[in-house]
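This briefing covers one protein chain and its ligand. The points are grouped by topic for quick reading.

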Amino acid sequence: MSEPDWGRLTRAAVDRLTVEVYREAWRTRPEVRRIRLLGHEAVVKDYGRASNRFKHLLGAFLAMREAAALRRTDGIACVPRFYALPRPWILVMEHIEARPVTALSEDERQQALTPVFFGALARLIEQIHACGVAHGDLEKLDNILITPDGRPVIVDFAAAVIAGINPLAALILPQIKANDFRAVYKLKSLYAPHLLTDEERGRLHARSRAESIFRRARSCIRAPMKRWAEGPEDRGV
Ligand SMILES: Nc1ncnc2c1ncn2[C@@H]1O[C@H](COP(=O)(O)OP(=O)(O)O)[C@@H](O)[C@H]1O
Ligand SMILES: [Mg+2]
């Protein structure tokens with residue numbers, strides 16, 4: 001069966017082909033859906049559902065950044081493959097059968113979050129880093145998924161820092177990489193504290209000065225842009 005031409009998707013087609021809505025659009029957050037076309041599944045992340053102004057600026061930027069990260073990590077099995085950008089603010093990617101680790105029940109967590117899982121997660125992060133990409137938002141643990149057979153999957157590269165794209169990235173990449181690993185320690189400390197080593201516990205809250213400055217600078221730029229993008233109606237005016 002030939003692969004659909006994801007680059008020609010329209011929003012009306014996305015509506016028609018939807019199998020599941022993972023996330024409703026909310027303020028500047030994208031809408032995330034699973035669709036099925038000609039027997040193939042894909043995930044559509046659309047930053048343009050909630051606001052017109054947003055989709056033209058920040059949404060397009062975030063979709064482009066995620067697309068760039070997914071292109072770089074192409075070939076890593078537990079990261080979605082990039083399919084297309086049918087509009088600058090709409091990203092289409094591979095659907096991977098997996099659930100966020102945060103959605104597991106207590107029993108499921110005990111079964112699934114084993115030393116083998118954590119080892120595989122750390123190796124997956126290393127593979128992503130070896131492509132010159134740091135995820136940057138793994139501490140939001142619903143970006144870490146688990147397949148039915150217990151393998152880790154990483155999604156949501158909208159905040160990725162990518163080597164060679166801007167000069168700041170080269171400076172900050174090591175810190176963001178360290179932060180990616182802190183997500184593993186955070187996950188362990190929340191759901192499998194008995195697996196956390198003393199060294200990992202020590203690193204859990206150790207944010208470097210450079211990373212703190214970078215994050216503060218980024219949110220100073222982002223906050224006004226987001227307010228602008230959300231538009232007057234969302235600010236209750
Ligand atoms: N490629 C994918 N395959 C399977 N599920 C996905 C995929 N991308 C996203 N999801 C699901 O959708 C949720 C939201 O997607 P995400 O990219 O994290 O959007 P947001 O920016 O709103 O956090 C994820 O937590 C995951 O459950
Ligand atoms: Mg997310």
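**Helix 5 and its setting**

In helix 5, the buried residues are Ile 172, Gln 175, Ile 176, Asn 179, Asp 180, Ala 183, Val 184, Tyr 185, Leu 187 and Lys 188. The model is predicted. Helix 5 belongs to a protein with seven helices and ten strands. The radius of gyration of the protein is 18 Å, close to the 18 Å that the globule rule gives for 237 residues, so the protein is as compact as a globular protein of that length.

**Helix 5: length and bend**

- Helix 5 covers residues 167-191, which is 25 residues.
- From its first C-alpha to its last, helix 5 reaches 37 Å, close to the 36 Å expected at 1.5 Å a residue.
- At Leu 173, helix 5 bends by about 50°.
- A proline, Pro 174, follows the bend at Leu 173 within four residues.

**Overall dimensions and contacts**

- Taken along the principal axes, the box filled by the C-alpha atoms of the protein is roughly 50 × 45 × 35 Å.
- Of the 237 residues in the protein, 33% are buried.
- Among contacts in the protein with a separation of 6 or more, 62% are between residues 24 or more positions apart.

**Surroundings of ligand 1**

- Ligand 1 is surrounded by 20 residues, and the closest are Tyr 22, Val 43, Pro 80, Val 155 and Asp 156.
- Strand 1 (18-23), strand 3 (40-46) and strand 5 (90-94) are the elements that give two or more residues to this shell.
- By residue class, the shell around ligand 1 holds twelve nonpolar, two polar and six charged residues.

**Two residues with positive phi**

- Most residues other than glycine have a negative phi.
- Leu 38 has a phi near 50°, a positive value in a residue other than glycine.
- The loop between strand 2 (31-37) and strand 3 is where Leu 38 is found.
- Leu 38 counts as exposed because it has 10 C-beta neighbours inside 10 Å, and the cut-off for exposed is 12 or fewer.
- Asp 156 has a phi near 70°, also a positive value in a residue other than glycine.
- Asp 156 sits in the loop between strand 9 (152-154) and strand 10 (161-162), and is one of the closest residues to ligand 1.
- Asp 156 is buried because 21 other C-beta atoms lie within 10 Å, where 20 or more are required.

How values were computed: Residues are numbered from 1 along each chain as its sequence is written. Chains are lettered from A and ligands numbered from 1 in the order in which they are written. This is a predicted model: local features need pLDDT of at least 70, side-chain atom pairs count only at pLDDT 80 or more; totals for chains, interfaces and linings use all residues. The expected span of a helix is 1.5 Å times one less than its number of residues. The bend at a residue is the angle between axes fitted to the seven residues ending there and the seven starting there. The radius of gyration is taken over C-alpha atoms; the globule rule is 2.2 Å times the number of residues to the power 0.38. Two residues are in contact if their C-beta atoms, placed from the backbone, lie within 7 Å. A residue is near a molecule or strand if its C-beta atom, placed from the backbone, lies within 6 Å of it. Ala, Val, Leu, Ile, Met, Phe, Trp, Tyr, Cys and Pro count as nonpolar, Asp, Glu, Lys and Arg as charged, and the others, Gly among them, as polar.
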